[in-house]
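Colleague: Before I plan any bench work, could you take me through this model, with the cut-offs behind each term?

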Amino acid sequence: MNYRRIFHNDQVSFGEMQVRISEALTILPLFTPAAIPGLFVGCLIANLYTGMLTDIIFGSLATLIAATGTYLLRKKPLLAAACPVVANGLIVGLTLALSFNLPPLLTMLEVAIGEIAAVAVGMVILSGMKRAKIDLTRL
């Protein structure tokens, strides 16, 4: 298997129901604000593959808003974890709906569901790291 097949699977990374492995990292701002620009730039680079200007702009903006919200709500982890779900569901969902003439509410819901799955993976990883007594503040 090559890198693209493992980490950039078009079937689950793009479209209405998208689950990106990298989205599990959206909880990193719970521990450090340094994760915010990293998530934004990483998303920007990934969205360049779509070639869609709207996805490049609004998808990356959604990630920036989500990462900032996650950091600001870091004292309430479950609420913080909702930031990527809400930001991507609303912004990316609406962008996809308008770009491809899809039903807006359904598309936003589908994006949010994919984001819930990715964030849940991140929270499981986080929980495992805490149980292993890994100091997450040093990431």
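What follows is a set of questions and answers on the helices, the core, the cysteines and two loop or tail residues.

Modeller: This is a predicted model, in which local features need pLDDT of at least 70 and side-chain atom pairs count only at pLDDT 80 or more, while totals for chains, interfaces and linings use all residues. Residues are numbered from 1 along each chain as its sequence is written, and side-chain values use heavy atoms, with hydrogens and water left out.

Colleague: At what angle do the axes of α5 and α6 cross?

Modeller: Helices here are DSSP runs of H or I with at least four residues, numbered from the N terminus, and axes are lines fitted to C-alpha atoms over the stretch in contact, with angles from 0 to 180 degrees between N-to-C directions. The axes of α5 (residues 77-100) and α6 (residues 104-131) come within 7 Å, and the crossing angle is roughly 145°.

Colleague: Which elements give two or more residues to the largest nonpolar core?

Modeller: A nonpolar core is a set of buried Ala, Val, Leu, Ile, Met, Phe, Trp, Tyr and Cys residues joined through side-chain atoms within 4.5 Å, where buried means under 20% relative accessible area, exposed over 50% and partly exposed in between, with a 1.4 Å probe and protein chains only. The largest one has nine residues, including I27, A81, V119 and L136. The elements that supply two or more of them are α5 and α6.

Colleague: Is E23 buried or exposed?

Modeller: E23 lies in the loop between α2 (10-13) and α3 (35-48). Leaving aside neighbours within four places in sequence, E23 is in contact (heavy atoms within 4.5 Å) with N88, E115, A118 and V119. Because its relative accessibility is 8%, E23 counts as buried.

Colleague: How many disulfides does a search of the whole structure find?

Modeller: A disulfide is a covalent bond between the sulfur atoms of two cysteines, and the search takes a pair of cysteine sulfur atoms within 2.5 Å as one. C43 counts as buried at 8% relative accessibility, and C83 counts as buried at 15%. The number of disulfides found is zero.

Colleague: What is the phi of N101?

Modeller: Most residues other than glycine have a negative phi. N101, in the loop between α5 and α6, counts as exposed because its relative accessibility is 72%. Its phi is positive, near 55°.

Colleague: Where is K133 found?

Modeller: K133 also has a positive phi, near 60°. With a relative accessible area of 72%, K133 is exposed. K133 is found in the segment after α6.
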